[in-house]
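The following account leads the reader through one protein chain, moving from a single residue to the overall fold and then to its aromatic pairs. Please keep the sequence and the structure in view while reading.

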Amino acid sequence: LLGCVVIVLGYFLARPFGLEKEMALFLAVAPHPVVYSVQLSSYIYLILLGLIHAYLFFVAKKHPRARMVIAGILAGLGFLFHYIFLAYIAAFVVYLLFSKENRGKIGYYLAGVAPFFLINLPTFIAQRQFNHFNDIFAFNIMSTLVTLAAIPHFTYSPILVAITLLTLWYIFKNKHKLDERIRTIMIPSALFLAFVFVSALLMIAGFIPRYIIVVQPLLFLILFHVLQKNLSPKYYHLVSMIYFVILGLTTLYIATRFAELGWIPLYY
């Protein structure tokens, strides 16, 4: 049920950008949303929170103060699952601080976050005494390469990484072609990724890539907006088709091998 709700929410989040069909299809075939929605797992809940949070921040127009309080509450609910939400919240707080237009809303956002932060603070402090929370530092080049070389990662990683790098090159080359709203979305998304990587390098929190799923739909929205703006319709549809086919085949592989594997190989 949550998996189906995620598809619908993704559709409405991407609608103002003309990417609603791509977003809905992506969320229907991508490994993380599919696998986490058919397993009794909290991760689909994190994707759901991220989508609603993004909609309140970047798409909804009415009642700005109430929206910020609700967005803060949704972000705070993430504390019930993973402390990586500290990075998520930090990214949006920094964004609000540096956004003249939205600076006045920061108090409302923090008011929504505060109760959940205070409730969970003793747990965060207690967790630090366990070595496990330092041992999960997994930002290791060799470990990453070995994982990417393993099935099913080798089936899609090189191609999707190539598409993503190409998109980054387009972003730096053609910033003026980007929708102003997409540029706005890019700031907190980039900040979130930066906080995740820096915290991993400083061993504050382990780098477990599946945590990035909370912002995955936004990253996807940015990716395909840039591709759509910089490629001819013919090449855009070709790249989109390759992207979706690879993701779909990967999801199918995981679904058929799940009983054998006994675990979900979605860490990278």
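**From helix 13 to the aromatic pairs**

L249 is located in helix 13, which covers residues 233–261. The model is a predicted one. Is L249 buried or exposed? Because its relative accessibility is 54%, and a residue counts as exposed over 50%, L249 is classed as exposed. L249 also belongs to a nonpolar patch on the surface, which it forms with Y235, L238, M241, I242, V245 and L252. The area of this patch is about 670 Å². One member of the patch, Y235, has a further partner: the charged end of K234 sits over the ring of Y235, at 5.8 Å from the ring centre.

Helix 13 may now be placed in the context of the chain. The chain contains 13 helices and zero strands, and its pattern along the sequence is accordingly written α-α-α-α-α-α-α-α-α-α-α-α-α. Of its 268 residues, 47% are buried. The chain exposes about 13,800 Å², and 71% of this area is supplied by carbon and sulfur atoms. Among contacts between residues at least 6 apart in sequence, 73% join residues that are at least 24 apart.

Aromatic rings offer a view of how particular helices are linked. A pair of aromatic rings is described by the distance of the centres and the angle of the planes. The count for this chain comes to 18 aromatic pairs. In one of them, Y88 and F192 meet edge-to-face, with 5.6 Å from centre to centre and 90 degrees between the planes. Y88 lies in helix 6 (residues 85–98) and F192 in helix 11 (residues 180–201), so this pair ties together parts of the chain that are 104 residues apart in sequence. Both Y88 and F192 are buried.

A second pair is formed by F224 and Y243. How are these two rings arranged? Their centres are 5.1 Å apart and their planes stand at 85 degrees; planes over 60 degrees apart count as edge-to-face, so the pair of F224 and Y243 is edge-to-face. F224 belongs to helix 12 (residues 216–230) and Y243 to helix 13, and the pair links distant parts of the chain, 19 residues apart. F224 and Y243 are both buried, whereas L249, also in helix 13, is exposed.

Ring pairs also build a cluster. Which residues does the cluster contain? F57, F58, F85, Y88, F92, Y95, Y109 and F192 are linked into it by ring pairs. The cluster thus includes Y88 and F192, the edge-to-face pair described above.

Notes
Residues are numbered from 1 along each chain as its sequence is written. This is a predicted model: local features need pLDDT of at least 70, side-chain atom pairs count only at pLDDT 80 or more; totals for chains, interfaces and linings use all residues. Side-chain values use heavy atoms; hydrogens and water are left out. Patches are made of residues with over 30% relative accessible area and no salt bridge: like charges are joined within 9 Å, nonpolar side chains (Val, Leu, Ile, Met, Phe, Trp, Tyr) within 5 Å. Accessible areas come from the Shrake-Rupley method with a 1.4 Å probe; for residues, only the protein chains shown count as cover. A salt bridge is a side-chain nitrogen of Lys or Arg within 4 Å of a carboxyl oxygen of Asp or Glu. Helices (H or I, at least four residues) and strands (E, at least two) are DSSP runs, numbered from the N terminus. Buried means under 20% relative accessible area, exposed over 50%, partly exposed in between (1.4 Å probe, protein chains only). Contact means heavy atoms within 4.5 Å. Rings of Phe, Tyr and Trp (its six-membered ring) pair if their centres lie within 6.5 Å; planes under 30 degrees apart count as stacked, over 60 as edge-to-face and the rest as tilted. A charge sits over a ring if NZ of Lys or CZ of Arg is within 6 Å of the ring centre and within 35 degrees of the ring normal.
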